[in-house]
Amino acid sequence: MTHHTAAELRRRLVEQLVADDVLHDPDVRRAAETVPREVFLGSAVYRPSSPPGVTVWTPVRHDDTPNDEWLSLTYQNKTWVTQVDGVLAEDADGPVTGGSPTSSSTLPGVVLWMLEQAGLARGRRVLVIGTGTGLSTAYACGVAGEECVTSVETDARAAERARKALGEAGYAPTLVTADGLAGCSDHAPYDIVIAFCSMRHIPYGLLQQVVPGGTFLVTLSGWGGAHGLVRLTVEDGDTAQGRFLPGYTSFMMARPHDHPPHGPVELLPGRERPSRIDPALLDDWTGRFVAQLAAPSAERLGAGAEQVLLDVATGSQARVRTADNGAGWTVSRRGPLDLWSSVEDAVTTWQSHGSPHVSEFSLTITPGAQRVWLGELGGSSWALPV
Ligand SMILES: C[S@@+](CC[C@H](N)C(=O)[O-])C[C@H]1O[C@@H](n2cnc3c(N)ncnc32)[C@H](O)[C@@H]1O
């Protein structure tokens, strides 16, 4: 077996990202060749496995793993989850069944591509939201200079771990433990804000911390489980607009934007009618995005041929599945909100435009509203739940 050093593995990863047309900027490339990801993975990560119906997160410890294997895992272009349901992998007693990731080291290819898309360059002041392991913050320091980087993390344990890793790797950005949805006014204004957690809408207070002409790069998500990475140009504090970008980028949601917790959901019988659309369209990246725009207060449960939408506030439900006779689909609706009619209308509109990818959509922010548009501004649009 050939043994590769961390520097060799980093160079290989960079070559792969250049060949894949992900990495172009020489300064971003230099940061990728320099930042030691092994320091940010720390002493343990979680490896997911999926027996039917559930994900099991098993801690993998550096101490129990041959160093070659650990380094090769480190330099895969892959996200490694470091915290599940608030428990860091290094603190876990054993496998965690069925939890949700709450912190991770994002795959380097996506982080580096996002830094390029945001136009990060030496001397540009950047706010990073969602420090996580500190890896993306280290790349940002490498590109912009550590004196230009402020990074905010809401989780105290993750923040402490990232602070240690950044110090060990030799970077000294400004680190803040707080809710990043409020930004960090002490160090504002910023030329660029990059969020590594997703948001249901853009907090105005955060937007106001960006200079006119500055860039805000964030994944818009929601309770329907859909995501779209949008690059906004800020005009002034309360006004911004921009396009969604190509690709399939998703991030865990900013914690205050996550759906309210609830117990097991009981699916109750409701009024039935045929569905105008195939529920499996919600498994499509953009189909799901459109459905989420149409029913922003609904949580999506189920998948494939059986989709369930649940409105947490009103208890409204829509359950859509293949019709009993196998011809078409049936929706069973219950409660005051007609969730599925809104979804049918939006999806039909999207289909009438040729079912384009989310990158054909744009977002406008004005003091009174935040709207996602399909195609041209002035065409079909949906308001975000602000
Ligand atoms: C996907 S991880 C970021 C990983 C980071 N890109 C890296 O490579 O290490 C998302 C992080 O956002 C943090 N987060 C969630 N909500 C937040 C909020 N409101 N403010 C700041 N950080 C938040 C989570 O605790 C988590 O550590």
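# Exercises on a predicted model

P189 sits in the loop that connects β9 (174–177) with β10 (190–195). The model is predicted.

**Exercise 1. Backbone geometry in loops**

Determine which peptide bond at P189 is cis, and locate the residues D21 and D85, whose phi values are positive.

Solution.
- Step 1. Take the bond from A188 to P189: omega is near 0 degrees, and the bond is cis. P189 belongs to the loop between β9 and β10.
- Step 2. Read phi at D21: the value is about 70 degrees, positive although D21 is not a glycine. D21 lies in the loop between α1 (6–19) and α2 (26–34).
- Step 3. Classify D21 by accessibility. The relative accessibility of D21 is 54%, and exposed means over 50%, so D21 counts as exposed.
- Step 4. Read phi at D85: the value is near 45 degrees, again positive in a residue other than glycine. D85 is placed in the loop between β3 (80–84) and β4 (87–88).

**Exercise 2. The 10-stranded sheet**

Give the strand order of the open sheet of 10 strands, and name its edge strands.

Solution.
- Step 1. Write the order: β9-β8-β7-β10-β11-β12-β13-β19-β20-β21, with mixed pairing.
- Step 2. Look for strands that pair on one side only: these are β9 and β21 (381–383), the edge strands.
- Step 3. Average the twist from one strand to the next, which gives 20 degrees.
- Step 4. Examine one pair. Strands β19 (residues 361–365) and β20 (residues 370–374) are antiparallel and are joined by 5 bridges. S362 faces W373 of β20.
- Step 5. Add the helix at the β9 end. Helix α7 (residues 156–169) lies across β8 (149–153) and β9, and runs at about 165 degrees to β9.

**Exercise 3. Surroundings of T364**

Decide whether T364 is buried or exposed, and find its polar side-chain partner.

Solution.
- Step 1. Place the residue: T364 is part of strand β19.
- Step 2. Apply the cut-off. The relative accessibility of T364 is 12%, and buried means under 20%, so T364 counts as buried.
- Step 3. List the contacts of T364 beyond four places in sequence: A240, Q241, A369, Q370, R371, W373 and L377.
- Step 4. Compare sequence and space for Q241: T364 and Q241 are 123 residues apart in sequence, while their C-alpha atoms are 4.3 Å apart.
- Step 5. Identify the polar contact: the side chains of T364 and W373 make one at 2.8 Å.

**Exercise 4. Surroundings of P173**

Find which residues P173 touches, leaving out those up to four places away in sequence.

Solution.
- Step 1. Place P173 in the loop between α7 and β9.
- Step 2. P173 has a relative accessible area of 11% and is buried.
- Step 3. The residues touched are T137, C141, E146, V149 and L166.
- Step 4. For V149, the separation along the chain is 24 residues, and the C-alpha atoms are 5.3 Å apart.

**Exercise 5. Ligand and domains**

State how many residues surround the ligand, and how far apart the C-alpha centres of domain 1 and domain 2 lie.

Solution.
- Step 1. The ligand is surrounded by 25 residues, with S103, T133, S136, E153 and G180 the closest.
- Step 2. Look at the oxygen atoms of the ligand. One lies 2.6 Å from a side-chain N or O atom of T133. A backbone N or O atom of T131 is 3.4 Å from a ligand oxygen, and a polar backbone atom of T102 is 3.4 Å from a ligand oxygen.
- Step 3. Take the domain assignment: domain 1 (6–90 + 102–196) and domain 2 (262–352). The C-alpha centres of domain 1 and domain 2 are 36 Å apart.

Methods. Residues numbered from 1 in each chain as written. Predicted model: local features only at pLDDT ≥ 70, side-chain atom pairs only at ≥ 80, totals over all residues. Heavy atoms only, no water. Helix = DSSP H or I, 4+ residues; strand = E, 2+ residues; numbered from the N terminus. Buried < 20%, exposed > 50% of the residue type's maximum accessible area, 1.4 Å probe, protein only. Pairing = 2+ DSSP bridges. Axes fitted to C-alpha atoms, helices over the stretch in contact; angles between N-to-C directions. Contact = heavy atoms within 4.5 Å. Domains from an automatic or database assignment. Near = heavy atom within 4 Å. Polar contact = N/O pair within 3.5 Å; in protein donor to acceptor, adjacent residues only side chain to side chain.
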